Amino acid sequence: MVLICFLGCADLRGQVPGLFTLNLTLCNLLLTAINMPLTLVGAVRGHQPGGDGLCRAVGFLETFLTSNSMLSMAALSIDRWVAVVFPLSYHSKMRYQEAAVILLYSWIHSLSFPTVALCLSWVGFHHTYGSCTLHSNNHEEGTSFLAFMVLFHLLSFFLTLLVLCITYLQVLKVARSHCRRIDVITMQTLVLLVDLHPSVRQRCLEEQKRRRQRATKKIITFIGTFLLCFSPYVITRLVEISSSATISSQWGIISRCLAYSKALSDPFVYCLTRNQYKSCCRDMLNKLLKRSSGNSVQRANSYAGHMVPTTSD
C-alpha cells in the first residue's frame, strides 16, 4: 500500500521524506519476502535452509536490511526535527541533495558490517534463533567477534535510539510550546465569548486536551515500537556472546520474530496513519470505483442496445 501510494501520488514523490520512507519500505519488503520465510523453514527444521552459500547470502542480507531500516528511521526523525524546529528554513536545510547524502551514508554504513563479517566467515546458521545471521563457530575468535557485535549494535541499534530520543524530544518540546500558545488564545477567546453555548465551550476544551496529547502519543509510538521490537533481540544477542549463559531456542526465535515484526508496524507507524497517505488511498479508491462503475454502466448500455429490436427485424 505504501508503494502504491508513493507511485500513485505526485505530492508524496515530491517530498523529501518520501525518499526515506521508500528506502524503509523496500528494506521491510525484502526482509519479509526473503528472510522471514527462510527463518520459518530453519526454525521448523532445525537446520539451515539450503547450502552454505545461500545461508551466507541470507545472513548478509538480513544484517544489511535490518541496519538500513534502523538508519532510515533515524533519517525520518531528523527530517521531522528539521521541519518542526526550523520550519522557515526547512526547504533550504533538507533538500534532495541532503537526503541523497543521508541515504548514501545509510547504505555504506549498513553494507560495511555484513561485508566484514562475510570476509571473516562470521555469517552462518544460528540454531538458537533458527536463522542465518551473524555467528561465529570459532571459539578462538570469541573476543574479536564480541567486539565486532558490540560495535555493530552500538552503531545501529543504540545510535538510532539516541537519534530518535534527541530529535523527537526536541519535537515534543516545540509542539508543547505551540500548544501552550494556542491554549492561551483559546482560553482568552472563551472568556470573551460569554454567550457561547456550554456544549461548544466543552468541545473546545476537549479539543485543547487532545491537541496536547497528540504529539506525545505519536512520539511514544515511534520510540516505543522501536524498543519493543528490537531491544529483546539485541539484548539477547549481547548477553549470549558476552557470557556463558544459555539462551533457549524458544526465546531466541521469539526475540527474532519480534525484530521481524517491526517490518509490519512500520507502514502504519510512519505512513498509513498519516493524513497524506489516507487521502491518497481515498483518492485512488474513488478513482477505481468510479472507473468500475463507469465500465459497468457502459456494459449495461451495450447489453441494452443489443436487446432493443431494430427496424430491419
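Which helix does Leu26 lie in? Leu26 belongs to helix H3, which covers residues 17-45. The model is predicted. The protein chain has 313 residues, with 11 helices and two strands in its secondary structure.

**Overall make-up**

- From the N terminus on, the order of elements is α-α-α-α-α-α-β-β-α-α-α-α-α.
- Buried residues make up 39% of the 313 in the protein chain.
- The accessible surface of the protein chain is about 17,800 Å². Carbon and sulfur atoms hold 67% of that surface.
- Among contacts in the protein chain with a separation of 6 or more, 76% join residues 24 or more positions apart.

**Leu26 in helix H3**

- Leu26 counts as partly exposed, because its relative accessibility is 41% and the partly exposed class lies between 20% and 50%.
- In sequence, 43 residues separate Leu26 and Ser69. In space, the two are 8.9 Å apart, C-alpha to C-alpha.

**Helix H6**

- Helix H6 takes in residues 96-119, 24 residues in total.
- From first C-alpha to last, H6 reaches 34 Å. That is close to the 34 Å expected at 1.5 Å a residue.
- The buried residues of H6 are Ala99, Leu103, Ser106, His109, Ser110, Phe113, Pro114 and Ala117.
- Ser121 comes just after H6 and has a positive phi of about 60 degrees.

**The strand pair**

- Strand S1 spans residues 123-126, and strand S2 spans residues 131-134.
- S1 and S2 pair in the antiparallel sense, with four bridges.
- One of the bridge partners is Leu134 in S2, which matches Val123.
- The two strands form a hairpin, and four residues lie between them.
- Gly130 sits in the turn of this hairpin with a positive phi of about 65 degrees.
- In a regular strand, side chains alternate between the two faces of the sheet.

**Ser131 in strand S2**

- Ser131 is located in strand S2.
- Is Ser131 buried or exposed? Ser131 counts as buried because its relative accessibility is 2%, and buried means under 20%.
- Leaving out residues up to four places away in sequence, Ser131 touches Thr39, Gly124, Phe125, His126 and Arg256.
- Gly124, Phe125 and His126, all touched by Ser131, fall within the residue range 123-126 of strand S1.
- Thr39, another residue touched by Ser131, falls within the residue range 17-45 of helix H3.

Technical notes: Residues numbered from 1 in each chain as written. Predicted model: local features only at pLDDT ≥ 70, side-chain atom pairs only at ≥ 80, totals over all residues. Heavy atoms only, no water. Buried < 20%, exposed > 50% of the residue type's maximum accessible area, 1.4 Å probe, protein only. Contact = heavy atoms within 4.5 Å. Areas by Shrake-Rupley, 256 points an atom, 1.4 Å probe, with all protein chains shown as cover. Pairing = 2+ DSSP bridges. Expected span 1.5 Å × (residues − 1).
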